[in-house]
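Let's take a walk through this fold together, starting from a small detail and working outwards. Please keep the 3D view open as you read.

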Amino acid sequence: MLVTVLAVPVGLYVLCRWLVPWSVRSNARLALLWHDFLVERTLDLLTRTSRPQRLLQAVQRNASRGNPDSVISSIDLFCKHTEWAMNVGDEKGAILDSVVMETSPSTVLELGTYCGYSTVRIARLLPPATRLITVEMNPQYASVARQVIQHAGLQDKVCLVEGASGDLIPKMADMFGIQTFDFVFLDHWKDRYLPDIKLLEECGLLASGSVLLADNVLCPGTPEYLQYVRSNPQYHSQFYQAHLEYTRVPDGLERSVYLGETDRETDRQKDRETVRETDR
């Protein structure tokens, strides 16, 4: 009888802690349902804390203050071995790092701060004079992100603004004296990717050579945004194949360079010259 009583909780623990997480690692819908709905809500109820708060506690316990790489490693370990969270993650984070270093931006906008993981990744690579403006709509996420950024020692390089991206983008020039952004990282609500990129265009905040990098373009997915940047002659796009953070679910990042009017006219001129050569 005692064996039976003990077997039930042990079986449930093995099922919930190991078997189910292993089985959903390669299925997009199951992974999001399990991690973002069932596990998160259960732990919120049991611990009376939120996932961002638990992530912050892991950073405060394990990361060296003033060391951005230590903060990143602590979050990655927490998300891999304790509780999954929808940061850009280590695999796609390395791609983000390479694009930031390649772009070497002087003006940076991040849409979707969440807990500050990608903010820390980007800010640590920027020169001292460069500031990162990051936008977060959820006040609770913003509060945690500020503490994560401060723990990393990057508070002087980051300006976190709370509010809806659609409301804030038209105010960017006046608020920060920004003419255009060299680099924009999109990692907020997926249905806001396309409206916000069009808003950046309309507000003149993109210049020829501005680089956009969009996360989660396959999972959960941003089909309208992908169709727009891939078919629009204003952009030259490249897809980086990867996986949904901390899983085997296919995902990726889309890097799109805004060409601007001058470059588009140059492309049209080259097309006309090619046609003339063909006619000869």
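Which residues form one aromatic cluster? They are Tyr228, Tyr235 and Tyr258. Keep in mind as you look at them that this is a predicted model.

The cluster belongs to a wider aromatic picture, since a search of the whole structure finds four aromatic pairs. One of interest is formed by Tyr193 and Tyr225, whose ring centres are 5.6 Å apart. A pair of aromatic rings is described by the distance of the centres and the angle of the planes. For Tyr193 and Tyr225 the planes stand at 85°, and planes over 60 degrees apart count as edge-to-face, so this pair is edge-to-face. The two rings also bring distant parts of the chain together: Tyr193 sits in helix α10, Tyr225 sits in helix α12 (residues 223–231), and 32 residues separate them. Both Tyr193 and Tyr225 are buried.

Let's stay with helix α10, which spans residues 193–202. Seven of its ten residues are buried, so the helix is mostly covered. Besides Tyr193, the buried residues of α10 are Leu194, Asp196, Ile197, Leu199, Leu200 and Glu201. An α-helix has 3.6 residues a turn, so residues three or four places apart point the same way. After α10 comes Gly204, which has a positive phi near 70°.

What does helix α10 lie across? Its partners are the strands β1 (107–111), β4 (181–186), β5 (206–214), β6 and β7 (250–258), and the helix runs at about 165° to β5.

That brings us to the sheet itself. Seven strands make up an open sheet with mixed pairing, and their order is β3-β2-β1-β4-β5-β7-β6. At the edges are β3 (158–162) and β6 (235–243), each of which pairs on one side only. On average, neighbouring strands of this sheet are turned by 15° against each other, direction ignored.

Begin at the β3 edge. Here β2, made of residues 131–136, pairs with β3 in the parallel sense over five bridges. To find the register, look for Glu136, whose bridge partner in β3 is Glu162.

Now move across to the β6 edge, where the pairing is of the other sense. Strands β6 and β7 run antiparallel and are joined by nine bridges, with His236 having Val257 of β7 as its bridge partner. The two strands form a hairpin with six residues between them, and Tyr246 in the turn has a positive phi of about 65°. On its other side, β7 is joined to β5 by four bridges, and these two strands also run antiparallel. In this pairing Ala214 stands opposite Glu254 in β7. How covered is β7? Eight of its nine residues are buried. In a regular strand the side chains alternate between the two faces of the sheet.

Finally, turn to a pair of helices. The axes of α3 (residues 51–62) and α7 (residues 139–151) come within 10 Å and cross at roughly 10°. Angles under 35 degrees count as roughly parallel, and α3 and α7 are therefore roughly parallel to each other. From α3, the contact is made by Pro52, Gln53, Leu55, Leu56, Val59 and Gln60, while α7 supplies Tyr141, Val144, Gln147, Val148 and His151. Sorted by class, this contact of α3 with α7 has seven nonpolar residues, four polar ones and no charged ones.

Terms used. Residues are numbered from 1 along each chain as its sequence is written. This is a predicted model: local features need pLDDT of at least 70, side-chain atom pairs count only at pLDDT 80 or more; totals for chains, interfaces and linings use all residues. Side-chain values use heavy atoms; hydrogens and water are left out. Two strands pair if DSSP finds at least two bridges between them. Axes are lines fitted to C-alpha atoms, for helices over the stretch in contact, and angles run from 0 to 180 degrees between N-to-C directions. Contact means heavy atoms within 4.5 Å. Rings of Phe, Tyr and Trp (its six-membered ring) pair if their centres lie within 6.5 Å; planes under 30 degrees apart count as stacked, over 60 as edge-to-face and the rest as tilted. Buried means under 20% relative accessible area, exposed over 50%, partly exposed in between (1.4 Å probe, protein chains only). Angles under 35 degrees count as roughly parallel, over 145 as roughly antiparallel, 65 to 115 as roughly perpendicular and the rest as oblique. Ala, Val, Leu, Ile, Met, Phe, Trp, Tyr, Cys and Pro count as nonpolar, Asp, Glu, Lys and Arg as charged, and the others, Gly among them, as polar.
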